[in-house]
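Me: Please take a close look at how the strands are paired here. I would then like the description to continue to the side chains, with the cut-offs stated.

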Amino acid sequence: MKLKSFAALPLLLLAGCSTETTESKDVKTEAIWADIYVTSQGKDSRVIAELNVSGRNGNNIKLSDKDRLEASAAGVTKTLERDDDFFDIDYRAVFNISEEGTKYTVTLTRDAVGDALTTTLIMPKPFTIVTPQENQSFHKTDTLEVSWTDSKQNNTQLDAKLTIRCKKDDGNEASVVENYIDTNDDGSLSIDLASLEGLNDSVLNNKKSCEGEVFMERFNHGTLDSRFADSSRARAIQQRYSKKFEVRIN
């Protein structure tokens, strides 16, 4: 369990991230580390590719003129467009599909060297978080029952994250975070709120209720071209958020 202070978070992010960029024309194919994934929250899907030099913490790779990323699904092919933020560069395309079993093919083409690296992703079964319900109220000693529809299919993993945001006595916000990795995908997860030590932290303002939310991901691993650098990965992910609920800590 983690208690995070939102006031300190930007400094932590700055300490752990690099903004260095390398042109892809200067990187050998075998040195390209790739994180390629497709996500859906129910209505559409987003194909995202992040490319770094050698590994997750390597320089961001900016595609040169003769390199391109394309994704195909349901007979539609789109070019992934660069998306820059303060810390990172990735490439994205949006498709108006999200159905179970949809096949996505992502290709990195390098005209200068004649390489075409193909990654295949298959969208897992969608689901809906049924409980907790919106504005449902719990005490910090209660059991939070999380339930969802459409239980597990073969070769998928389900991860969940509980986030509870609280006010501190100094007026800032803090969050209690608990992760449930590879939890049993049978439609039910019981969380003993009394086991979350962060809800008893003396810095919290116990006169104000906290706000909770559950985030869940069901995913499977795609088939990644073996020429990408070691530890590269590919995933197809169904993501869902629960309705927000109240946690009383008085």
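Reply:
**Strand pairing and side-chain contacts**

Threonine 131 has serine 147 in E14 as its bridge partner. This is a predicted model, in which local features need pLDDT of at least 70 and side-chain atom pairs count only at pLDDT 80 or more, while totals for chains, interfaces and linings use all residues. Residues are numbered from 1 along each chain as its sequence is written, and side-chain values use heavy atoms, with hydrogens and water left out.

E12 and strand E14 (residues 143-148) run antiparallel and are joined by two bridges. Strands (E, at least two residues) and helices (H or I, at least four) are DSSP runs numbered from the N terminus, and two strands pair if DSSP finds at least two bridges between them. The two strands belong to an open, antiparallel sheet of three strands in the order E12-E14-E17. Strand E12 (129-131) and strand E17 (188-192) each have a single partner, so one side of each is left without a neighbour in the sheet. On average, neighbouring strands of this sheet are turned by 25° against each other, direction ignored; axes are lines fitted to C-alpha atoms, for helices over the stretch in contact, and angles run from 0 to 180 degrees between N-to-C directions.

Another open sheet, of four strands with antiparallel pairing, follows the order E7-E6-E10-E11. Its edges are strand E7 (76-79) and E11, each with a single partner strand, so one side of each lacks a neighbour in the sheet. Here the average turn between neighbouring strands is 20°, direction ignored. Seven bridges join the antiparallel strands E6 and E10, and arginine 110 in E10 is the bridge partner of aspartate 67.

Strand E6 also carries a salt-bridge residue: arginine 68 in E6 pairs with aspartate 111 in the loop between E10 and E11, 43 residues apart. Their closest N and O atoms are 2.9 Å apart, where a salt bridge requires a side-chain nitrogen of Lys or Arg within 4 Å of a carboxyl oxygen of Asp or Glu. Aspartate 111 is partly exposed at 45% relative accessible area, and arginine 68 is partly exposed at 33% (buried means under 20%, exposed over 50%, partly exposed in between, with a 1.4 Å probe and protein chains only). The structure holds 14 salt bridges. One of them joins aspartate 225 to arginine 227, with the closest N and O atoms 3.1 Å apart; aspartate 225 is buried at 14%, whereas arginine 227 is partly exposed at 31%. Asp35, Arg233 and Arg235 are linked in a network of salt bridges.

Strands E6, E10 and E11 also contribute to a nonpolar core, that is, buried Ala, Val, Leu, Ile, Met, Phe, Trp, Tyr and Cys residues joined through side-chain atoms within 4.5 Å. In the largest core, of 28 residues, Val47, Leu69, Leu80, Phe95, Tyr104 and Leu121 touch the most other members. Strands that each supply at least two residues of this core include E6 (67-73), E10 (103-110) and E11 (115-122). Leucine 80 touches Val47, Ala49, Leu69, Glu70, Ala71, Tyr91, Arg92 and Ala93, not counting residues up to four places away in sequence; contact means heavy atoms within 4.5 Å. A second, separate core of 26 residues includes Leu193, Cys210, Val214 and Met216.
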